[in-house]
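Here is a brief report on selected features of a model. Read it alongside the coordinates.

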Amino acid sequence: MPEKPLLSLTGISKSFGHNPVLDRVDFDLRGGEVHAILGENGAGKSTLIKILSGAYKPDGGRMVISGVEYRPAGPLDGRRQGIAVIYQELNLAPHLTVEENIMLGQEESRFGLVERKKNQARIKRVLEFLCHPEISPDIPVRKLTVGARQVVEIARALVSQARILVMDEPTSSLSQEDTRRLFEIIRKLRAEGTGIIYVSHFLEEVLEIADRFTVLRDGRVAGRGLTRETSVEELIQLMIGRRMSELFPRLPHEPGEVILRCSGVQSARMSRPVDLELRRGEILGVAGLVGAGRTEFLRALFGLDKLEKGLVVVSGRQFRPSYTAVSIGRGLGMLSEDRQVEGLALRMNLTDNLTLSRLKPYVRSGFLNGRRQTTAASEWMSRLGIRARSPEQKLWTLSGGNQQKVALARLLHQEAEIFLLDEPTRGIDVMSKAQIYELMGRLAADHRAVIFVSSYLPELLGVADRIAVFHRGQLVEVRPAADWTEASLMKAAITGRESKVQSTGEQP
Amino acid sequence: MKKITGLVGPFVGLILVISIFSLMPEVSDRFLNLANIKSVATQSVIVALCALGMTLIIVSGGIDLSAASNLALSCVLVAYAINLGVSPLLAALAGVAAGGIVGFLNGFFITRLRLVPFIVTLGMMGIARGLAKWVARNQKIDAPLSWINELMVRTPRPSWLLVSPGIWIMVLFSLVMAVLLRKTVFGRHAFAIGSNELTARLCGVRTDRVKVAVYSLSGLLCGLAGVMEFSRLTVGDPTVAMGLELDIIAAVVIGGGSLSGGEGSILGTLVGVFIMAFLRNGCTMMGWPNYFQEIIIGAIIIAAVTLDRLRHRQE
């Protein structure tokens, strides 16, 4: 290789107990390039990041930065030696100001007193470089949008003069606009000679922003190359180790009678009332930008947000969403978009999480039968292919994909008829995604109904029968999936304008 | 299995405390004899009853700083009611009911005003204590002796009871609460709320209702503890149990309860209560000064929580 790498890893291995997580991984990063690390959840990406950051020590192998052996004593030492990691969950103190957050641990000071002027000048320079001069150093971070918070996090890395930036799923909670701006920043940093390691599940994004890629599978390097010479299909194949014949398996299903009818449903967090019909055996996709009101609509329907007006009819019976217990009784089930914060009780075990919404079958004269509960949970584990040591395992020890399957298993266990799924495939590996698509198809074939909210257009087009688009708190348009394209969906989501084409076969 | 291994720490602590004092030549013969154990158990009844309720609250992610004030209010009300000429049974029920009302109000304010339990119960701590002093006109209320005052004697009158009725009451309610916490839907819902309230709501748990019930139930137990306190003191003392709420919380925490909710057990809490009770008793026998006990108990709280944290990291 003509150019000397900025960072090189050779033969990095790491195991936890008897479980090898990384097996002789080689990796190198040059200055001024974006190198993507890809792999399913559990492939070893996070472990590799933690080794880079200094949080874990490798069992074997060498790390070299610019010709100097890199052996960090801990994350702080790693940062001092030039590696800054920006994690998926941003590590900012919400009550402190932008300035305080950026300078935390690296304040310019004299005799213990913070020299604000010097700090401010440094921050101004960095924020200008990042094309975000509008972020004031004096406002508390909690008042910033997620996108702006990420900029602050990057600014912190730059102030510490990091030469290597590791970004772990940086766009998973960003809107498309913020993602575009983030890419501009990445390109600018690359031009300045910074080496960027980019970890993401969004393969299209990787193809757009990265120069090279390395795919990990089961802790080993499964492939590497130049992004301009590869394709999404090839990357997926490398990640899962076999050809993905059908990413969106389609099970035949026919829409039946109307199971859910909303008229004028509106909560305080929605700007316009929503009218919508859902049939048995139907998957209704919901597209829109982040904050367009899709989640708010589901929450109002499920009784999580207070319904201000409107009427819901489920299977011919009127019903006013109030308590979630009532909604569940009527056959509704909701999967939260945020499984870490809301969807799952991570400190509880798998059994409790799975059965919490329907404990009745395990109660005899007021007493709960824990053993029958555990047995039932094991059955669901094998039915959905949830990988865990035991049903008593605490949920935070499972991978994202397995956690999501537990959340879905809960809805199946509570015998829901109408599945309200809010971003069910966010942040999980490709195999689990495919299983969730298949599950949705099975539900429809079983004459149940699904509302599927997603920001990932290919999966909406691949799975849904009809797709509704939300824009600024308002339902803009519903059409059969076949009448939409990625471009027309995007246009409707961004502009909120109905396109000219009339829907076919949906005329009254 | 796991539930049992989680209790190993507190049990080892209890055995350690007991064996240390048993090995002290000065007190060994007096410490580990039946009469002393009985007396320690009797002394633990009041803290234990409050700690049962506190376990429920802490499991559901809350805290109750008003427990000791609540107890004092109930204690005063029992004496006041007896002086009014009410039958002892009714007086005792009034004490328990008052505790329940205070607990209900805690739950009501926490759920309706959406305030954190720490603040609401901090306020209620002052309110209940103030009410107790008001009712008692800032002094002890003397009351004629009745069967209530025999609940806490060391040698019970029908001698086939073996230990004081108070201990039996403690055992009974411990069993009831353990079953409630582990074997009922209500208990599972309390754990779920403490573990992640948003998830509980998503799963159809009526979180507000459960919380009000949790605080009310705990209040009832504090009221009962107040009756026991009156039984022991034979007067209604509005300044009794000052600062006891911290002992109660400490017992739960030593027994494996987590202040961030979702964890705790009745057996663990009882072990926590007994660790503190035996320690106090042993120190007193040794003639060690009061401040020495305080330092040791403080150190034990920190050690217990540290060990618990380490155990969790291993999981």
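## Helix packing in chain B

The crossing of H4(B) and H13(B) is right-handed. This is a predicted model. Helix H4 covers residues 34–59 of chain B, and helix H13 covers residues 266–286 of chain B. Their axes lie 8 Å apart and meet at an angle of about 140°. Angles over 145 degrees would count as roughly antiparallel. H4(B) and H13(B) are therefore oblique to each other.

From H4(B), the contact draws on Asn36(B), Val40(B), Gln43(B), Ser44(B), Val47(B), Ala48(B), Ala51(B), Leu52(B) and Thr55(B). H13(B) answers with Ile266(B), Thr269(B), Leu270(B), Val273(B), Phe274(B), Ala277(B), Phe278(B) and Asn281(B). By class, the residues of this contact of H4(B) with H13(B) are 11 nonpolar, six polar and no charged.

## A helix pair in chain A

Helix H14 (residues 400–413) and helix H15 (residues 430–445) of chain A also pack. Their axes come within 10 Å and cross at roughly 20°. Angles under 35 degrees count as roughly parallel. H14(A) and H15(A) are therefore roughly parallel to each other. The crossing of H14(A) and H15(A) is left-handed.

H14(A) contributes Gly401(A), Gln404(A), Lys405(A) and Leu408(A) to the contact. H15(A) contributes Ser432(A), Ile436(A) and Leu439(A). The residues of this contact of H14(A) with H15(A) divide into three nonpolar, three polar and one charged.

## Chain A overall

Chain A has 17 helices and 24 strands. Its C-alpha trace spans about 70 × 50 × 50 Å along the principal axes. For 508 residues, a compact globule would have a radius of gyration near 23 Å; the 25 Å of chain A agrees with that. Of the 508 residues of chain A, 45% count as buried. Take the contacts in chain A between residues at least 6 apart in sequence: 67% of them join residues at least 24 apart.

## Positive phi

Most residues other than glycine have a negative phi. Two residues of chain A with positive values are listed here.

| Residue | Phi | Loop between | C-beta atoms within 10 Å |
|---|---|---|---|
| Ser365(A) | near 40° | S19 (363–364) and S20 (367–368) | 4 others |
| Arg472(A) | about 45° | S23 (466–471) and S24 (474–480) | 13 neighbours |

Are these sites buried or exposed? Ser365(A) is exposed, because only 12 or fewer such atoms are needed for that class and Ser365(A) has 4. Arg472(A) counts as partly exposed, with 13 C-beta neighbours inside 10 Å.

## Where the chains meet

The contact between the chains takes 17 residues from chain B and 24 residues from chain A. On the chain B side, helix H9 (185–195) and helix H10 (197–202) each supply at least two residues. The chain B residues that touch chain A divide into five nonpolar, six polar and six charged.

Where does Met348(A) lie? Met348(A) is in the loop between helix H11 (339–343) and helix H12 (350–355) of chain A. Met348(A) counts as buried, with 24 C-beta neighbours inside 10 Å. Leaving aside residues up to four places away in sequence, Met348(A) touches Asn353(A) and Leu395(A), and also Ala192(B), Ser195(B) and Gly262(B). Val363(A) is 15 residues from Met348(A) along the chain, and their C-alpha atoms are separated by 20 Å.

How values were computed:
Residues numbered from 1 in each chain as written. Chains lettered and ligands numbered in written order. Predicted model: local features only at pLDDT ≥ 70, side-chain atom pairs only at ≥ 80, totals over all residues. Axes fitted to C-alpha atoms, helices over the stretch in contact; angles between N-to-C directions. Parallel < 35°, antiparallel > 145°, perpendicular 65-115°, else oblique. Left-handed = near helix turned anticlockwise from the far one by under 90°. Contact = placed C-beta atoms within 7 Å. Nonpolar A, V, L, I, M, F, W, Y, C, P; charged D, E, K, R; others polar. Buried ≥ 20, exposed ≤ 12 C-beta atoms within 10 Å, placed from the backbone. Rg over C-alpha atoms; globule rule 2.2 N^0.38 Å.
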